[in-house]
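Please take a moment to look over the sequence and the model before reading on. The paragraphs that follow walk through a few parts of them, one at a time.

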Amino acid sequence: MKKTNSIWTHIRRSPYQSLAAVLTMFLTFLLGGIFLLTTSTSFAILRFFESKPQLTVFFTAKAGQAEADVLKDTLNATGKVSSTKYVSKEDALGIYKEQNKNDPLLLEMVTADILPASLEVTAKDPHYLAELEPIIKGANGVEEVVFQKDVVDTLLAWTNAVRIVGGILALLLGIDSLLIIMTVIGLKIAMKKEEIEILKLIGASPWYIRKPFVIEGGIYGVSGAGAAWVIIMILIAVFRIQIVSFLGSIPIIHLLLSDPFSWITIAASAGFFSIMALTGFILGGLGSLVSLNRYIKL
Amino acid sequence: MIRFDHVSKKFGGSTQALSDITVEIPDGEFVFLIGPTGAGKSTLLKLIIRELVPTEGSIYVDDWNIENLQKQQIHLLRRYVRMVFQDIKLLYDRTIFENVAVGMEVLNKKEQDIEKGVRDVLALVELRDKADQFPAQLSAGELQRVGIARAIVGGPKILLADEPTGNLDPETSEDILEILKEINKLGTTVIVVTHNNTIVDKNKKRTITLRSGKIISDEMKGKYHFAKRTHHDKKHDEKEEKHTHEKD
């Protein structure tokens with residue numbers, strides 16, 4: 001009997017245990033996959049904000065280029081600023097239009113007059129920000145100073161929370177999957193105890209006896225991971241437009257989601273599947289190996 | 001070559017299954033191992049395939065010292081020394097072909113070699129036409145031949161047969177013995193444990209007689225002549241049986 005036939009027979013003869021194993025794996029990988037994508041996206045957002053100017057100075061409605069030039073000169077004189085960029089009311093309107101091009105209603109209501117001019121300031125070192133703040137706040141026409149650091153800190157807090165909660169859940173589900181695989185394979189070992197004894201007596205190597213069980217555990221892992229991958233891909237496809245409109249300014253998200261049939265999107269999806277399937281195989285195979293060591297002495 | 005050097009085997013520290021056994025079986029020999037039930041015949045075979053380890057003494061199978069064998073090497077010994085089991089030990093959910101093929105699959109042989117090897121041994125044991133049947137469809141004699149086929153399919157150097165003719169009619173027993181002799185002619189050392197006096201007397205092969213765990217005779221053209229069981233034998237059997245139950 002070919003090995004593959006024998007493994008398929010193992011699975012087919014106890015369909016409920018097999019289904020329980022695949023479903024547990026599916027849940028683990030669904031949550032694990034979503035957690036992995038959420039964490040990766042959070043890091044992408046974080047990196048995006050970190051690469052942005054470290055603070056933005058918003059001017060009052062009446063202030064404009066002249067106030068910005070004075071402030072720019074003052075800041076450059078400190079020697080602590082690496083670059084500054086003036087964004088006029090018209091530039092701000094252009095950015096706003098680009099960001100909301102899919103929503104004509106929002107575009108109709110906004111004119112350049114109601115948007116503030118701003119100055120994006122990048123310090124040579126983040127530590128200089130505290131020294132620059134009083135100079136900026138004391139300048140003419142300044143309404144508000146927004147630190148990217150604040151945005152980054154908030155994001156970091158969220159990312160850490162997601163990482164901790166998601167990580168703990170994924171870990172618990174991973175342990176649960178391992179235990180389920182161990183139990184299912186343990187039952188199958190008990191059912192095959194006589195066959196294993198015979199194989200040992202006719203000279204089967206320990207690996208020859210272990211292999212079908214390890215592959216069976218691996219198949220449960222790959223099946224569960226594959227099903228989870230399909231669901232995650234469907235979820236991404238359904239919410240793609242919303243994600244792009246909300247996070248499209250982040251280059252990596254724009255690159256991956258703007259065109260679902262681009263080679264880079266397909267390659268990334270295939271890579272994501274490979275990681276999930278490989279992890280599934282390792283998790284399932286590991287569960288089987290632990291069970292084999294526990295229930296049979298080779 | 002198989003060599004037992006002052007080998008003893010005790011179960012549970014008290015039941016003496018074998019006592020100070022020293023014997024040598026050269027390559028290519030055909031040996032009958034006889035003796036009353038509980039004399040230690042099956043124990044002796046189990047020691048050769050290291051299903052059991054001796055309490056005292058040493059066992060050598062060619063260059064292997066059985067007691068020093070690492071766990072990872074036991075399967076190599078069992079490929080070299082194959083056994084036909086008293087209860088045959090077939091896989092009842094597999095066909096006859098598949099049951100015999102397992103004997104070669106464990107050796108990691110190629111599929112076409114397995115196909116040819118299995119067809120050849122099934123022809124040798126005259127079961128070619130039963131290849132696609134399941135064990136439940138075969139008679140006791142045919143099942144015994146399947147057990148022999150599985151044992152010889154990988155070309156072992158030594159073949160141990162534990163009561164291969166038990167529960168078989170005289171004619172089928174003769175057939176089984178002819179197959180074993182055929183295998184022996186091909187160069188395989190064959191050790192047959194039996195209670196069948198007819199086949200022992202008729203074939204005039206080397207015969208080792210065990211009683212109460214000791215060798216009481218070893219004759220080159222032996223006969224089935226061990227005396228009827230003594231009171232001591234019966235007590236020994238009772239002890240061993242009690243021990244087996246405790247183990248279960």
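When two helices pack, an angle under 35 degrees counts as roughly parallel, one over 145 as roughly antiparallel, one from 65 to 115 as roughly perpendicular, and the rest as oblique. This is a predicted model, in which local features need pLDDT of at least 70 and side-chain atom pairs count only at pLDDT 80 or more, while totals for chains, interfaces and linings use all residues. Residues are numbered from 1 along each chain as its sequence is written, and chains are lettered from A and ligands numbered from 1 in the order in which they are written.

Chain A is a good place to begin. Its domain assignment gives domain 1, covering 3–49 + 153–295, and domain 2, covering 61–140, where the bounds come from an automatic or database domain assignment. Taken over C-alpha atoms, the centres of domain 1 of chain A and domain 2 of chain A are 47 Å apart.

Now look at a pair of helices in chain A, bearing in mind that helices (H or I, at least four residues) and strands (E, at least two) are DSSP runs numbered from the N terminus. Helix H3 (residues 65–78) of chain A and helix H6 (residues 129–137) of chain A pack with their axes 11 Å apart and at an angle of about 150°; such axes are lines fitted to C-alpha atoms, for helices over the stretch in contact, and the angles run from 0 to 180 degrees between N-to-C directions. H3(A) and H6(A) are therefore roughly antiparallel to each other. Their crossing is right-handed, a crossing being left-handed if the near helix is turned anticlockwise from the far one by less than a right angle, and right-handed if clockwise. Leu71(A), Thr74(A), Leu75(A) and Thr78(A) of H3(A) meet Leu132(A), Ile135(A) and Ile136(A) of H6(A), where two residues are in contact if their C-beta atoms, placed from the backbone, lie within 7 Å. By class, this contact of H3(A) with H6(A) has five nonpolar, two polar and no charged residues; Ala, Val, Leu, Ile, Met, Phe, Trp, Tyr, Cys and Pro count as nonpolar, Asp, Glu, Lys and Arg as charged, and the others, Gly among them, as polar.

How many residues of chain A are in contact with chain B? Ten residues of chain A touch 13 residues of chain B. On the chain A side, the largest share, four residues, comes from helix H8 (residues 193–201) of chain A, and that side is made up of seven nonpolar, two polar and one charged residues.

Turning to chain B, we can follow one helix through its surroundings. Nine of the ten residues of H3(B) are buried, so this helix is largely enclosed by the rest of the structure; a residue is buried if 20 or more other C-beta atoms lie within 10 Å of its own, exposed if 12 or fewer, and partly exposed in between, with C-beta atoms placed from the backbone. These buried residues of H3(B) pack against H4 and helix H5 (140–152) of chain B.

Helix H3 (residues 96–105) of chain B and helix H4 (residues 111–124) of chain B have axes that come within 9 Å and cross at roughly 120°, which makes H3(B) oblique to H4(B). In this contact, Phe97(B), Val100(B), Ala101(B), Met104(B) and Glu105(B) of H3(B) meet Ile114(B), Gly117(B), Val118(B), Val121(B) and Leu122(B) of H4(B), and the residues divide into eight nonpolar, one polar and one charged. The axes of H3(B) and H5(B), by comparison, lie 7 Å apart at an angle of about 30°, and the residues of this contact divide into six nonpolar, two polar and one charged.

Finally, two residues in loops of chain B deserve attention for their backbone. Most residues other than glycine have a negative phi. Asn108(B), although not a glycine, has a positive phi of about 60°, and it sits in the loop between H3 and H4 of chain B. Glu163(B) likewise has a positive phi, of about 50°, without being a glycine, and it is found in the loop between strand E7 (158–162) and helix H6 (170–185) of chain B. Is each of these residues buried or exposed? Asn108(B) is exposed, with 11 other C-beta atoms within 10 Å, whereas Glu163(B), with 20 C-beta neighbours inside 10 Å, counts as buried.
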